[in-house]
Amino acid sequence: MAKNVLIFTLITLFYLLFWPVPIDPISWKAPSDEGFVGDFKENNRLGALEFIVLPDTHGPEGLAFLDDEIYAATREGWIIRFNEKTGGQIKWINTEGSPLGLVFDASNNLLIADAEKGLLKVTPGGVITVLTRSVDGTDIDYADDLDVTADGKIYFSDASTKFGAQMGGTYAASLLDTMEHGGHGRLLVYDPEDQSTKTLMENLNFANGVATDANSEFVLVNETGSYRIHKYWLKGDKQGTSEIIIDNLPGFPDNVVRGANGRFWVGLVSPRNKLLDDLSEFPFIRQIFQRFPAFLRPKAENYSHIFAMTGDGEIITSLQDPKGEHHTNTGALETEEWLYISSLHAENLARISWDQLNIDGEL
């Protein structure tokens, strides 16, 4: 009996120390997690959401709006069209990939950042075209979010050049990239005039949400794995340079969406993970944890949280629901009457009326 226990112990030890894993963690110093304080003080302002059931689909991660209809990208590859006036809903097109970010261009083409297919364009008639799938001789394996400027240029993120959607899906790939913290993300731009794709920023730890301002002067990009948001200048004296406008967020920032009056909405897909932060300077131990069963590794926690900010990173309002009934929020989209909330894993789409929020004074 003792011999069997010894053998089992040695096998387990060998597995935890030497079994191959896909990550090669990098040492870094996570900023101290201040939690939900100050501008992010805990509240229950998302506790009265209205839910819109999405039959046979879930995870409306990216949203766009055109002619009274919400377009939602779901985990099953469908782009759902929901008419907010009639309540009607249809499955419009399926990219047969992993559609994430959505935005309309000036010609009402739907532009899609698809983690499996690349940067896509869908005509009003539903014809899908791949605009780009590579840059600088490398594949774009995790197109994540996007926005378009007045001149038609499309700015989009490639979340990770190492952990693409083929690594067990987009969520699994994001966990791998976050655990490694190897700086594999980048911000890209596609110019439809010459069909070129260029790299603007590199070495981002899971490059995620992307949004341009109304005057096309800058683009914001979320760096999920480092809890911060960058501002890349497109015009002016700072053109071609970037700066961090908000750092040490209390959660993992996902999408960023342009709203009205110069504000931007950001979804915090989950609060910070204490274990992940505590192990930031210990890459070998993070590698050991990657060998543990998935339920023991750091993962997203159900907590509802979105916030609005200015283009300079000043917090305007923070909306939360600690119970996380509509969890893993990726962002928010404004219409005249509603604020729609997107999600990575929720079974439905959520919204709340501006009257219920009662935040006119803040916005």
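1. Phe264 counts as buried in this predicted model, because its relative accessibility is 2%, and buried means under 20%. Phe218 is likewise a buried residue, with a relative accessibility of 8%. The two rings form a pair whose centres are 6.1 Å apart, and because their planes stand at 50°, the pair is described as tilted. Phe218 belongs to strand 17 (residues 218-223) and Phe264 to strand 21 (residues 263-271), so this pair ties together parts that are 46 residues apart in sequence.

2. A pair of aromatic rings is described by the distance of the centres and the angle of the planes. The structure holds 10 aromatic pairs, and one of them joins Tyr71 to Phe104, with 4.9 Å from centre to centre and 80° between the planes, an edge-to-face arrangement. Tyr71 lies in strand 3 (residues 69-73), whereas Phe104 lies in strand 6 (residues 99-104), so the pair connects parts of the chain that are 33 residues apart in sequence. Tyr71 is buried at 6% relative accessible area, and Phe104 also counts as buried, at 14%.

3. Other rings deserve a look as a group, together with the charges placed over them. Trp28, Tyr227 and Phe252 are linked into a cluster by ring pairs. Tyr227 has a further partner, since Arg272 lies over the face of this ring at 3.8 Å from the ring centre. Elsewhere, the charged end of Arg351 sits over the ring of Trp338, at 3.6 Å from its centre.

4. How are helix 2 and helix 4 placed against each other? Helix 2 (residues 170-180) and helix 4 (residues 283-290) pack with their axes 10 Å apart and at an angle of about 155°. That angle makes helix 2 roughly antiparallel to helix 4, because angles over 145 degrees count as roughly antiparallel. On the side of helix 2 the contact is made by Leu176, Met179 and Glu180, and on the side of helix 4 by Arg286, Phe289 and Gln290. These contact residues divide into 3 nonpolar, 1 polar and 2 charged.

5. Is helix 2 mostly covered or mostly uncovered? Helix 2 is mostly covered, for 8 of its 11 residues are buried, and these buried residues are Thr170, Ala173, Ser174, Leu176, Asp177, Thr178, Met179 and Glu180. Leu176, Met179 and Glu180, which appear in this list of buried residues, are also the residues that helix 2 brings to its contact with helix 4. The elements covering the buried residues of helix 2 include strand 6, strand 20 (251-258), helix 3 (274-278) and helix 4. Strand 6 is also the strand that holds Phe104, discussed in the second point. Just after helix 2 comes His181, whose phi is positive, near 60°.

6. The loop that leads towards helix 2 merits a separate comment. Gly164 lies in the loop between strand 13 (154-158) and helix 2, and this glycine is buried, with a relative accessible area of 1%. Which residues does Gly164 touch, if residues up to four places away in sequence are not counted? Gly164 touches Asp141, Tyr142, Gly169 and Ala173, and Ala173 is one of the buried residues of helix 2. Asp177, another buried residue of that helix, is 13 residues from Gly164 in sequence, while the C-alpha atoms of Gly164 and Asp177 are 9.2 Å apart in space.

Conventions
Residues numbered from 1 in each chain as written. Predicted model: local features only at pLDDT ≥ 70, side-chain atom pairs only at ≥ 80, totals over all residues. Heavy atoms only, no water. Phe/Tyr/Trp six-rings, centres within 6.5 Å; stacked < 30°, edge-to-face > 60°. Helix = DSSP H or I, 4+ residues; strand = E, 2+ residues; numbered from the N terminus. Buried < 20%, exposed > 50% of the residue type's maximum accessible area, 1.4 Å probe, protein only. Lys NZ or Arg CZ within 6 Å of the ring centre and 35° of its normal. Axes fitted to C-alpha atoms, helices over the stretch in contact; angles between N-to-C directions. Parallel < 35°, antiparallel > 145°, perpendicular 65-115°, else oblique. Contact = heavy atoms within 4.5 Å. Nonpolar A, V, L, I, M, F, W, Y, C, P; charged D, E, K, R; others polar.
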